[in-house]
Amino acid sequence: MSSSASGASDKLKILCIHGYRQNAQIFRERTGALRKIIKKYTELVFISAPNKVLPAEGEEDLDQRGWWFSTIDHTFKANQVCDVNPGLQESLTTVAQTFNDLGPFDGVLAFSQGAAFAAILCALQNQGDTRFPFKFAILVASFRSLSSNHAAFYANPINCPTLHVFGDTDGVIPRESSEDLLPVFVNPQILNHPGGHFVPASAPQKKVYLEFLEHWYTKKQEENSAAK
């Protein structure tokens, strides 16, 4: 668990949720360009999933993590239809504890499997779960889980304000998979980019990120002023 800012209370505090086979440190390193763009408005807190992804035989152990698995053997494929989800409850407990210990958080920034997990957090919040109080989510390369255990998360419209980011040439989570998640959310904002499976942070995306975050930053300033 790591924080990338000193924690000025007027900034937006955002929980960062990594992708499959990543951890807090890897995700932090891979969002360097984005962190520079949004540092004026944000304090980012990176956490690691509790579920360890076992390295393949002969592969270096890089402490890779996952938010849940699609097999009982603790492997995961986003396109795998299954009836299991080992690790999900442990992840929900970890994130709930993070909200309790390090919150409050204004929003969530998540990537790939982490973004699919964050969509589940949005659904749980929408269904009245009070463990995950946040106001918005930025979901990069997200998708619907194909575990039958997760079907209820997509049964009702989700009102959490979201920015959905996905790439035309993503070979890991195809654009169509990210688009399939959009109808679940009420008025989702979309940032489509020409790239692949990464968090984009070039000029066209910079404008969208900043406009999205400025709205919440301004709102927080107004709320802080009203509370004084």
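Is Ser91 buried or exposed? In this predicted model, Ser91 has a relative accessibility of 0% and therefore counts as buried. The residue belongs to helix α3, and, when residues up to four places away in sequence are left aside, Ser91 touches Pro50, Asn51, Gly66, Trp67 and Phe117. With Pro50 the separation is 41 residues along the chain, whereas the C-alpha atoms of Ser91 and Pro50 are 6.0 Å apart.

Two packed helices are described by the angle between their axes and the distance between the axes. Helix α3, which spans residues 88-102, packs against helix α4, residues 113-126, at an angle of about 70° and with 12 Å between the axes. The arrangement of α3 relative to α4 is therefore roughly perpendicular. On the side of α3 the contact is formed by Leu88, Ser91, Leu92 and Val95, and on the side of α4 by Phe117, Ile120, Leu121 and Leu124. Sorted by class, the residues in this contact of α3 with α4 comprise seven nonpolar and one polar, with no charged residues. An α-helix has 3.6 residues a turn, so residues three or four places apart point the same way.

Helix α4 itself contains 14 residues and extends 20 Å from its first C-alpha to its last, which is close to the 20 Å expected at 1.5 Å a residue. Because twelve of its 14 residues are buried, α4 is largely enclosed by the rest of the structure. The buried residues of α4 include Phe117, Ile120, Leu121 and Leu124, each of which also takes part in the contact with α3, and they include Gln113, Gly114 and Cys122 as well. The helix is followed by Gly128, which has a positive phi near 100°. Ala123, one of the buried residues of α4, lies 9.2 Å from Ala155, C-alpha to C-alpha, although 32 residues separate Ala123 and Ala155 in sequence. Ala155 is located in the loop between β7 (136-140) and β8 (162-167), and its relative accessible area of 56% means that Ala155 is exposed.

Aromatic side chains form 13 pairs in the structure. In one of them, the ring centres of Trp68 and Phe76 are separated by 5.4 Å and the ring planes meet at 80°, so the pair is edge-to-face. Both partners are buried, Trp68 with a relative accessibility of 1% and Phe76 with a relative accessible area of 13%. A further edge-to-face pair is that of Phe99 and Phe105, with ring centres 5.2 Å apart and planes at 70°. Here too the partners count as buried, at 7% relative accessibility for Phe99 and 2% for Phe105. Trp68 and Phe76 also belong to one aromatic cluster, together with Tyr20, Phe69 and Phe143.

Several features of the backbone are found in loops. The peptide bond that joins Gly103 to Pro104 is cis, with omega near 5°, and Pro104 is placed in the loop between α3 and β6 (107-111). Asp63, although not a glycine, has a positive phi of about 55°; this residue lies in the loop between β4 (51-52) and β5 (65-66) and, at 29% relative accessibility, counts as partly exposed. His74 likewise has a positive phi, near 60°, in a residue other than glycine. The position of His74 is in the loop between β5 and α3, and with a relative accessible area of 39% His74 is partly exposed.

Helix α6, residues 203-227, consists of 25 residues and reaches 36 Å from its first C-alpha to its last, close to the 36 Å expected at 1.5 Å a residue. The buried residues of α6 are Gln205, Val208, Tyr209, Leu210, Phe212, Leu213, Trp216, Tyr217 and Lys220. These buried residues pack against the strands β2 (12-17), β3 (42-47), β7, β8 and β9 (189-193), and against helix α2 (32-38). The strands β7 and β8, which are thus among the packing partners of α6, also flank the loop that holds Ala155.

Technical notes. Residues numbered from 1 in each chain as written. Heavy atoms only, no water. Axes fitted to C-alpha atoms, helices over the stretch in contact; angles between N-to-C directions. Helix = DSSP H or I, 4+ residues; strand = E, 2+ residues; numbered from the N terminus. Parallel < 35°, antiparallel > 145°, perpendicular 65-115°, else oblique. Contact = heavy atoms within 4.5 Å. Nonpolar A, V, L, I, M, F, W, Y, C, P; charged D, E, K, R; others polar. Expected span 1.5 Å × (residues − 1). Buried < 20%, exposed > 50% of the residue type's maximum accessible area, 1.4 Å probe, protein only. Phe/Tyr/Trp six-rings, centres within 6.5 Å; stacked < 30°, edge-to-face > 60°.
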